[in-house]
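Me: I have a model open and want to go through a few of its local features. Can you take my questions as they come?

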Amino acid sequence: MNLALPTQKQIEWQEMEVGMFIHYDIPVFAPGYDFRANPAVGVPSAELFNPTQLDTDQWIAAAVSIGAKYAVLTAKHCTGFCLWPTTAYPYSVKESPWKDGGGDVVADFVASCRKYGIRPALYCSFPANWYLRVDDPGVVLSGDPDEQRRYVKIYETITEELWSKYGELVEIWFDGSAPPVSEGGPDLMPLLNRYQPDAVCFQGPKPSVRWVGNEDGWARYPCWSTVSDKGRYGPDGDSGYAGNPDEAYWCGSEVDVTLIHREYNGGWMWSPGCEDHIYSLDHLIGVYYSSVGRNCNLLLNASPGPDGLIPDSHMRRYEEFGAEIERRFGRPLASTAGVGSEITLALPKSHTVVDHVILQEDISGGHRIREYVVESNAEYGWREIARGSAVGHKRIEYFPPIEATNLRVRVTQCVGTPIVSAFAAYDTGSGRSRGTASTA
């Protein structure tokens, strides 16, 4: 059987595991603004954008604290306000009083990423631009065909600026799709091939990363990285967003989730009082298990305020989250790797209590493992402690603490020869919670 295989760039993207999303747009300076409630009001004035302490180093320090390896900035969100001095239309930092119109948030963000070893990525959505009176799915409200064509050309201009001015990007985030040229969409592939040929794309005209299907921080289990052509763009039949191991396209899932409670003004952007409406550490740990632990990447959001800084309470929670992930999984009791349907792991004689195992397969060979059983051995012999199906880049299994001398994983169903790149055991502390995110 011919298995779908990831590209090297898709493998590198999955190995990063955790990223930071940064949502910043002019509604931060106009609390309560809602275009969809009354499109006639237009957009907030660019003159409102004037952060007094904007510090992209602080933003990236937050990313470092959670163990992120990449960061995605909303260079242009739904209002159409551009965080760089675009030439496409007069609604950007160039028209603001910030740095007397001479600032460039995107340039500062990319510089901070490179300073701290974080790989930069940019978000620039097609479906909405309220300055140009365009709303989902990228349609001008007037319905004028000439205006629609002008919008498409403007979008090509702003994406060319973003992809050509700031160096190599690890990911392009479209947020929704951009229709093909044959359906009146922008001509993006020549620009991607010219300026960012190595970037993975979240949605867009040629997606290599797909949405998990919710913004609540969890993936279904099993969640496979292989989908049909339709599945790269959205739900696919009975499998929904979960994928199917026998499909033809490799397209891993990204789990984007807020730190601010979703019920609090949507959760993505800063709004007054959001400092006190953030998810607990326990909840975030559950999100990690339900994303990274289910063969997905986690993209955890940050929301700088009108001063240009991420609130202190948010920074503390990021630090707590990163420290707890490191405490739990920074150092295994024992680990091994191997080829074949059965691999045994000996635990150190000095520590025989275990409550987690992590499984990883060599995804360069595709989804070979289809079902597995994890067993423990002590004086009473082998017994099952966990079982599952999808492994992919990473699968976290947890169970009540047990005493064991050896563990083993038995692959009970596979395609080809299983290649286990990691089989590791952990004792995270029997009194510790494993989080409260959805396990649907």
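**Backbone oddities, voids and one helix**

Reply: Start with Gln203, which is buried, with a relative accessible area of 12%. Keep in mind that this is a predicted model.

Me: Where is Gln203 found?

Reply: Gln203 sits in the loop between strand S7 (200–202) and S8. Its phi is positive, near 65 degrees, and Gln203 is a residue other than glycine.

Me: Why flag that?

Reply: Because most residues other than glycine have a negative phi.

Me: And Asn265, buried or exposed?

Reply: Asn265 is exposed, at a relative accessible area of 57%. Asn265 is not a glycine either, yet has a positive phi of about 55 degrees. The loop that holds Asn265 runs between strand S11 (252–257) and helix H6 (281–289).

Me: Which peptide bond involving Pro137 is cis?

Reply: The one from Asp136 to Pro137, with omega near 10 degrees. Pro137 belongs to the loop between strand S4 (134–135) and strand S5 (139–140). The bond from Tyr221 to Pro222 is also cis, with omega near 5 degrees. Pro222 is in the loop between strand S8 (209–211) and S9.

Me: What is in S9?

Reply: Strand S9 covers residues 226–227, and Thr226 is part of it. Thr226 is buried, with a relative accessible area of 1%.

Me: What does the Thr226 side chain have as a polar partner?

Reply: A polar atom of the Thr226 side chain lies 2.7 Å from the backbone oxygen of Asn244.

Me: Which residues does Thr226 touch, leaving out those up to four places away in sequence?

Reply: Ala4, Gly243, Asn244, Pro245, Asp246, Glu247, Tyr249, Trp250 and His367.

Me: Switching to helix H3. Which of its residues are buried?

Reply: H3 spans residues 105–115, and its buried residues are Val105, Val106, Phe109, Val110, Ser112 and Cys113. Seen down the helix axis, these buried residues of H3 fall within an arc of 160 degrees, so they line one face of the helix.

Me: What covers the buried residues of H3?

Reply: The cover includes three strands, S1 (18–22), S2 (70–76) and S3 (119–124), along with helix H2 (56–65) and helix H4 (145–165).

Me: What happens at the start of H3?

Reply: There, a side-chain oxygen of Asp104 comes to within 3.1 Å of the backbone nitrogen of Val106.

Me: And what follows H3?

Reply: Gly117 follows H3, with a positive phi near 75 degrees.

Me: Now empty space. How is that found in general?

Reply: A probe the size of a water molecule is rolled over the atoms, which shows where empty space is left.

Me: What volume does the largest pocket have?

Reply: The largest pocket has a volume of about 810 Å³. It is lined by 34 residues, and the closest to its centre are Arg36, His77, Cys78, Trp130 and Met269.

Me: How do the lining residues of the largest pocket divide by class?

Reply: The lining of the largest pocket has 17 nonpolar residues, 10 polar ones and 7 charged ones.

Me: How many cavities of 30 Å³ or more are there?

Reply: The structure has 2 of that volume or more. The largest cavity holds about 50 Å³ of space, and the second largest cavity about 40 Å³.

Me: Which residues line the largest cavity?

Reply: Its lining is made of Lys9, Glu12, Trp13, Met16, Arg119, Val170, Asp198 and Val200. Helix H1 (residues 8–16) supplies the largest share of that lining, 4 residues. By class, the largest cavity is lined by 4 nonpolar and 4 charged residues, with no polar ones.

Me: Which residues line the second largest cavity?

Reply: The second largest cavity is lined by Leu359, Gln360, Glu361, Ile369, Tyr372, Val391, Val409, Val411 and Val420. That lining divides into 7 nonpolar, 1 polar and 1 charged.

Me: Which strands each supply at least two residues of that second lining?

Reply: Strand S15 (353–361), strand S16 (369–378) and strand S19 (406–414) each do so for the second largest cavity. The largest share, 3 residues, comes from S15.

How values were computed. Residues are numbered from 1 along each chain as its sequence is written. This is a predicted model: local features need pLDDT of at least 70, side-chain atom pairs count only at pLDDT 80 or more; totals for chains, interfaces and linings use all residues. Side-chain values use heavy atoms; hydrogens and water are left out. Buried means under 20% relative accessible area, exposed over 50%, partly exposed in between (1.4 Å probe, protein chains only). A polar contact is a pair of N or O atoms within 3.5 Å; within protein, one must be able to donate a hydrogen and the other to accept it, and residues adjacent in sequence count only if both atoms are side-chain atoms. Contact means heavy atoms within 4.5 Å. On a 1 Å grid over the protein atoms alone, a cavity is a set of points where a 1.4 Å probe fits but cannot get out, and a pocket is an open set with protein on both sides within 12 Å along at least five of seven lines; lining residues have an atom within 4 Å of a point. Grid points are joined across faces, edges and corners, and a volume is the space filled by probe spheres set on the points. Ala, Val, Leu, Ile, Met, Phe, Trp, Tyr, Cys and Pro count as nonpolar, Asp, Glu, Lys and Arg as charged, and the others, Gly among them, as polar. The arc is that of the directions from the helix axis to the C-beta atoms.
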